[in-house]
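Here are a few short exercises to work through with the model open beside you. Try each task before reading its solution.

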Amino acid sequence: MGGTMRWRFGGVWVVALVLSGCASRVGALTAPAGALTTVAEGGSPTSLPATPTCDGTPTLPQTEGPYYKSGAPEASTLVDEATGGDRLMLTGQVLTTACVPLAGARLDVWQADAGGVYDNAGYRMRGRVTTDADGRYALETIVPGPYPGRTPHIHVKVFDPGGRELMTTQIYLIGVSDQIADSIFDPRLLARDLPADAEGRRVVAFDIIVQP
Ligand code: FE
């Protein structure tokens with residue numbers, strides 16, 4: 001039930017932006033209809049900000065929280081047959097503050113499962129992705145569940161190709177993360193919604209601007 005409303009909300013938003021001609025402003029990301037990048041300019045009550053196209057401003061860092069574990073396996077998906085929840089394709093580009101794509105950057109991604117539970121014994125819902133020559137990454141996962149005190153979020157920690165830690169933050173989902181009160185949540189860290197893929201998965205983009 002709630003999922004339907006969220007999707008409808010997202011759909012309305014995309015349509016409104018296309019009609020207002022903002023689609024031409026899409027910058028670094030080549031994904032189609034990434035028009036949500038300019039929402040922050042509007043300031044209307046119905047337009048939440050989302051991670052903008054690179055303007056050189058580093059992505060807002062956030063705390064890693066208590067559940068980070070190093071050593072997550074390289075993975076293109078965190079999902080297996082046993083994984084519940086709504087599928088999500090998390091994509092994006094890592095760029096330097098000069099807006100140059102950072103190839104070979106490594107992202108540790110970790111999150112709660114659909115029930116809001118972290119795997120602190122193993123590496124379920126934890127993985128590492130490496131950016132390609134264009135600084136892009138993609139990871140199949142699920143929409144995380146909330147847990148006490150926190151709205152749904154996905155943790156990410158970025159390392160340069162040499163393994164030096166560059167930044168840590170949290171990624172939020174429109175229509176999900178902004179529905180539960182949470183003092184850590186910041187709308188500047190909302191991923192942009194892209195069209196669902198051929199398998200019906202929700203696709204979001206979250207670009208990360210790092211000080212190299
Ligand atoms: Fe967390």
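## Exercise 1: A pair across two strands

In β5, Trp110 has His155 as its bridge partner. This is a predicted model, so please read each solution as a reading of computed coordinates.

Task: find how many bridges join β2 to β5, and in which direction the two strands run.

Solution. Start from strand β5, which covers residues 154-159. Six bridges join β2 to β5. The two strands run antiparallel.

## Exercise 2: The sheet around that pair

Task: give the order of the strands in the open sheet and say which are the edge strands.

Solution. Step one is the order: four strands form an open sheet, arranged β3-β2-β5-β6 with antiparallel pairing. Step two is the edges: β3 and β6 (165-171) each pair on one side only, which makes them the edge strands. Step three is the twist, which averages 20° from one strand to the next.

## Exercise 3: Two positive phi values

Task: locate Cys99 and Met125, and decide whether each is buried, partly exposed or exposed.

Solution. Most residues other than glycine have a negative phi. Cys99, however, has a positive phi near 65°, and Met125 also has a positive phi near 65°.

Next, place them. Cys99 sits in the loop between β1 (87-96) and β2 (106-111), while Met125 is in the loop between β2 and β3 (126-130).

Last, count neighbours. A residue is buried if 20 or more other C-beta atoms lie within 10 Å of its own. Met125 has 24 such atoms within 10 Å, so Met125 is buried. Cys99 has 15 other C-beta atoms within 10 Å and is therefore partly exposed.

## Exercise 4: The nonpolar core

Task: name the residues with the most contacts inside the largest nonpolar core, and find which strand supplies the largest share of this core.

Solution. The largest nonpolar core has 39 residues, and Val94, Val158, Ala191 and Val204 have the most contacts inside it. Several strands supply at least two residues each, among them β4 (136-142), β8 (202-205) and β9 (208-210). The largest share, four residues, comes from β1.

Now take Val204 alone. Leaving aside residues up to four places away in sequence, Val204 touches Leu88, Leu90, Leu173, Ala191, Arg192, Asp193 and Leu194.

## Exercise 5: The whole chain

Task: state how many helices and strands the chain has, and in what pattern they follow one another.

Solution. The chain has two helices and nine strands. Along the sequence they read α-α-β-β-β-β-β-β-β-β-β. As a final check, 37% of the 212 residues are buried.

Definitions and conventions
Residues numbered from 1 in each chain as written. Predicted model: local features only at pLDDT ≥ 70, side-chain atom pairs only at ≥ 80, totals over all residues. Buried ≥ 20, exposed ≤ 12 C-beta atoms within 10 Å, placed from the backbone. Pairing = 2+ DSSP bridges. Axes fitted to C-alpha atoms, helices over the stretch in contact; angles between N-to-C directions. Core = buried A, V, L, I, M, F, W, Y, C linked by C-beta atoms within 7 Å. Contact = placed C-beta atoms within 7 Å.
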